[in-house]
Amino acid sequence: MTGRLATPVMQTAVLALGTALAGSAAEAAGRLNFYCSAQEEWCQIMARGFEEATGIDVDMTRKSSGETFAQVKAEASNPKGDIWWGGTGDPHLQAAEEDLTEPYISPMRAELHPWAIAQAESAGDRTIGIYSGALGFGYNADLIKADNLPEPKCWEDLTRPEFKGHVQIANPNSSGTAYTTLATMVQLFGEDGGFDYMKRLHANINQYTKSGSAPIKAAGQGETAVGIVFMHDAVAQTVAGFPIVTVAPCEGTGYEIGSMSIIKGARNLDEAKAFYDWALSAEAQNLALEVNAFQVMSNVAAKKSDFAPDLSAIKLIDYDFKKYGSSDERKRLLAKWDNDVSTLPQ
Amino acid sequence: MLIFWIIAGWVGLALLPWYGVEDFLTFSWLAEGWPLDPDLAPAAVLVAKGEKLWLAPLLLALAAPLMVLGRAKSDPVHARILIAAGGFGFAWLVAQGLGIGLRGFTAPWLEALFGPLGERQFGMGYGALLTASAFLFLFTQGIAARGAVGGDVFVAGAIGGVIAVVAIFVFFPIARMLMAAFVSDEGRLSIGVFAAKVTDGRIWGLGCLSGGRCGAAWNSLGLAVLVGVLTTALGLAFALVLTRSGFRHKRSLRALTVLPIITPPFVIGLAIILLFGLSGAVTTGVADILGIRPTRWVYGLPGVLIAQVLAFTPIAFLVLIGVVEGVSPSMEEAAQTLRASRWQTFRTVSLPLMRPGLANAFLLGFIESMADFGNPLVLGGNFDVLSTEIFFAIVGAQYDQSRAAILAMVLLGFTLGAFYLQRFWLGRKSYTTVTGKGDAGVHPAMPKGLAVPVHVVVALWSAFTLVIYGMILYGSVVRLWGVDNSLTLKHYVTAFSLAWGEGGLRWTGSAWDSFWTTMLIASAAAPLTAAIGLITAYLLTRQDFAGKKSFEFGTMLSFAIPGTVIGVAYIMAFNVPPIEITGTGLILVISFIFRNMPVGVRAGIASMSQLDRSLDESSLTLGANSWQTFRAVILPLLRPAILAALVYSFVRAMTAISAVIFLVSARYDMATSYIIGRVENNDYGLAIAYSTALIFVMLAAVGLLQLLVGRTRIGRRTSFGQGH
């Protein structure tokens, strides 16, 4: 008897996992599915801040910008997210290029820095700048002293022979930060000069990491002397207590624009727009200071941290986001880097 | 039996909501317009109202089996009707689900054939689930009635069920993902793109032979072979010390060997960096003594190898311990009676009988190493392996899904190769040693020549493991690991603080949310994984049916593919109807079941191939059916395998990261993705404290499971005093 009864029960158990359940198209009003690509605390405080400001429930998912892009693309035929906030601008531009995001012109634009609006215009209003951060490098002061190295001030210093095996940068194939470095060198020194620089730098690189901010974390732990990263990442290491000195290279440097986009086909479009407008306000952008985010915010009235790298004191190049953010140019530069630089002996 | 499934089918078709309903289990839908509201209506009601008419054939298919109720099972019409009705119903259900989606017809040719469709449909719900199960099992009953697999309804149903779920949750998403390999940048199908990318020098380069760098494929292959061999050897050494020596502290040794699998990712890597990195304690110490400059020697093959061997030895051990225990002492005693020396006995009797265990342990180590993602990420240096390349092809600056798919194919090719090599090595020999006959022997001790090196290796490796875990524990109570070493408990407070407030206890710590979600999902996934794994192992070792080999490979497939690929594949496959489960806890549970099932299968196969078939036969001869035999005879003898499957799947659900990254959602965040967030944010202390807490939770859970499952008592004298 038990055998007879147990069989159907078992079979149900086997198949109960089988076919589909859960998840339906219905959703409650006043809810926002928020994809966040900044660091955890910042995402949390943005989600809670918006809930307090509007009473709209926020479901926040934090992933790196590359992961979020992969997810938005995979979900394209049935989007689950409403708004995507934070992370470097290139994946946002890529999403705009692939028609994964929704154009929107916010009434808040009048309060923004011109670079934030330029970002929007280069993508047909499908994305907008929320913060910017300059590229640079950081070094571990203890290691530099122990190894009797000169303090590096310029991009050129990093190619000097005594820095052999002391410099770390991410692989531009896997990291937006390193791709920004490559594009910056091309714009700073011209295409030939830029690649020549990358080749000389290659001789000194001890490791091409996968993730963009890994080099400066390695520097913090004393695993490399110099890491090429965005300056705000280096500053965050110093504030966390590591012996890191942040450098704005003397030749000038490129920068990223952290961006925000509304996902095409968002189920809560009105809430997404409300978040979009709120996130551009000075009040929302001031939240960055509470979580040690040292980027420069896009609202002109937003407060600045004392630790934040002063963008006006840094020689910034006129970075062409439209050209270097396009997938054709990116593929071309990466292929050239793969063939001409990464294959050289070190 | 038959009646049961016919009724179940009609309940699914005529009573339960056909499409997915949020919060189904609260039954609030009963009050929200069921059964007439189109979102909540059963299929029969929809058809009666003239909507979604493509569901109508299902009613006919489910009516047909009613005709056979009066007929005898031996009547050929009985079988024929069940096969036709079940097969057609299931096929139609799948076809309409795939053919009609959120925007009407899903393929252009369907629209060309039938014209545009005004209606659309969402993901299937419990009604569809129950009806689909009914069709499937009606079909398998028809097959059984025709005399397949000895007319055994249970076996036929189990085979059908496992095939169906593996097809839906392994083949379907992976096929969808791999299709991307043939898609060019413009979104068209192209063989040329495939050919160009598959022969890429970054995959197959052999530069390392001449001082340069090798392609990711060779790196992965070399690493996986090394890891497979080393973990199997170490696992065997631990198993031998536990079963064939007078070693005193077996219990603590056992706990120590399990430690690494209950460690969340990145933590071992961080500990290894703090020991062997450029500024690591060991590296700087040795450099000082030798008077040389410290180097970054650990980054690359050495570091990844150390971390992976540390992490995967326990898996080899879990597989091997059951097998080593299971080798019949009688055979060993017989050899000794025939004047074989201990060494001869070990070499010619014990070791060959352990072959299934060795082969399975190697295979698992090999595959785990191939698919591992966390350790190469932290320690890989410039040593590129396939799994990290795949991850960054998807999420990196390239956004190149077709490259990811191609790399996944290469990886799959290696795994397939290892799998067939393993089968070839095992050959057709019999490894049966547990029979129904009394077997009251004692395992002989290891031969001296073997015992000494084995004990030395085990002692060294145990000491190393202890040092690593000492570092981790220490790291969780210092302010800033490696910089500010003053002691503090603040990381634990931040993560796990509690407060008494209004309404009693409040979980104020930042880690509680993800902690409880993880516990819930892990405890849901573990028993299901073990059940499916062991049933599959039973089918593979005890039953013969057509297509058994490809069936076996299919069950291993999801394990062989790195989690990141599975993660993206699951999103692509299960974000749209007919199966729409992204953003739920269910997708996490399912991904864990099918990722970890192979361990249950392997452990089950290794143990079951030792059980003599005469045990089953005598049970069957005495009138039990195959289900009763499975439950009352085989299952109790499989306790080590059950324990291995349960422990492994529970623990992996708590420590896995790669697939999880893509599948977590706001409401279902997992511990590991929370920890990664901390590490990215330089919060090493918090990450390590959380990991340490998880390690203790899992230790407790493993102990509890061991108590619940109990041990197999094979009728043997206890050896060496108190036994083990």
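## Strand 5 and its pairing with strands 10 and 11

In this predicted model, strand 5 of chain A and strand 10 of chain A, the latter covering residues 255-263, pair in the antiparallel sense over six bridges. One position in this pairing can be picked out by name, for A134(A) stands opposite Y255(A) of strand 10 of chain A.

Strand 5 of chain A also runs antiparallel to strand 11 of chain A, which is made up of residues 296-297, and two bridges join them. Here the residue S132(A) is the one that stands opposite V296(A) in strand 11 of chain A.

## Pairing with strands 8 and 9

Strand 5 of chain A is joined by five bridges to strand 8 of chain A, residues 226-230, and these two strands run antiparallel. Within strand 8 of chain A, V226(A) is the bridge partner of Y139(A), while G227(A) is the bridge partner of G138(A).

With strand 9 of chain A, residues 244-247, strand 5 of chain A pairs over four bridges, again in the antiparallel sense. The residue Y139(A), whose bridge partner in strand 8 of chain A is V226(A), has V245(A) as its bridge partner in strand 9 of chain A.

## How covered these strands are

Is strand 5 of chain A largely enclosed, or largely open? Of the 13 residues in strand 5 of chain A, which spans residues 128-140, 13 are buried, and therefore this strand is largely enclosed by the rest of the structure. Strand 8 of chain A is likewise mostly covered, since five of its five residues are buried.

## A parallel neighbour of strand 8

Strand 8 of chain A pairs with strand 6 of chain A, residues 167-170, in the parallel sense and over two bridges. In this pairing V226(A) of strand 8 of chain A is the bridge partner of V167(A), and V226(A) is also the bridge partner of Y139(A).

## Two helices in chain B

Two packed helices are described by the angle between their axes and the distance between the axes. For helix 15 of chain B, residues 329-337, and helix 16 of chain B, residues 342-353, the axes come within 10 Å and cross at roughly 145 degrees, and the crossing is right-handed.

On the side of helix 15 of chain B, the contact is made by M331(B), E332(B), A335(B) and Q336(B), and on the side of helix 16 of chain B by T345(B), V349(B) and S350(B). When the residues of this contact are sorted by character, they divide into three nonpolar, three polar and one charged.

Definitions and conventions
Residues are numbered from 1 along each chain as its sequence is written. Chains are lettered from A and ligands numbered from 1 in the order in which they are written. This is a predicted model: local features need pLDDT of at least 70, side-chain atom pairs count only at pLDDT 80 or more; totals for chains, interfaces and linings use all residues. A residue is buried if 20 or more other C-beta atoms lie within 10 Å of its own, exposed if 12 or fewer, and partly exposed in between; C-beta atoms are placed from the backbone. Two strands pair if DSSP finds at least two bridges between them. Axes are lines fitted to C-alpha atoms, for helices over the stretch in contact, and angles run from 0 to 180 degrees between N-to-C directions. A crossing is left-handed if the near helix is turned anticlockwise from the far one by less than a right angle, and right-handed if clockwise. Two residues are in contact if their C-beta atoms, placed from the backbone, lie within 7 Å. Ala, Val, Leu, Ile, Met, Phe, Trp, Tyr, Cys and Pro count as nonpolar, Asp, Glu, Lys and Arg as charged, and the others, Gly among them, as polar.
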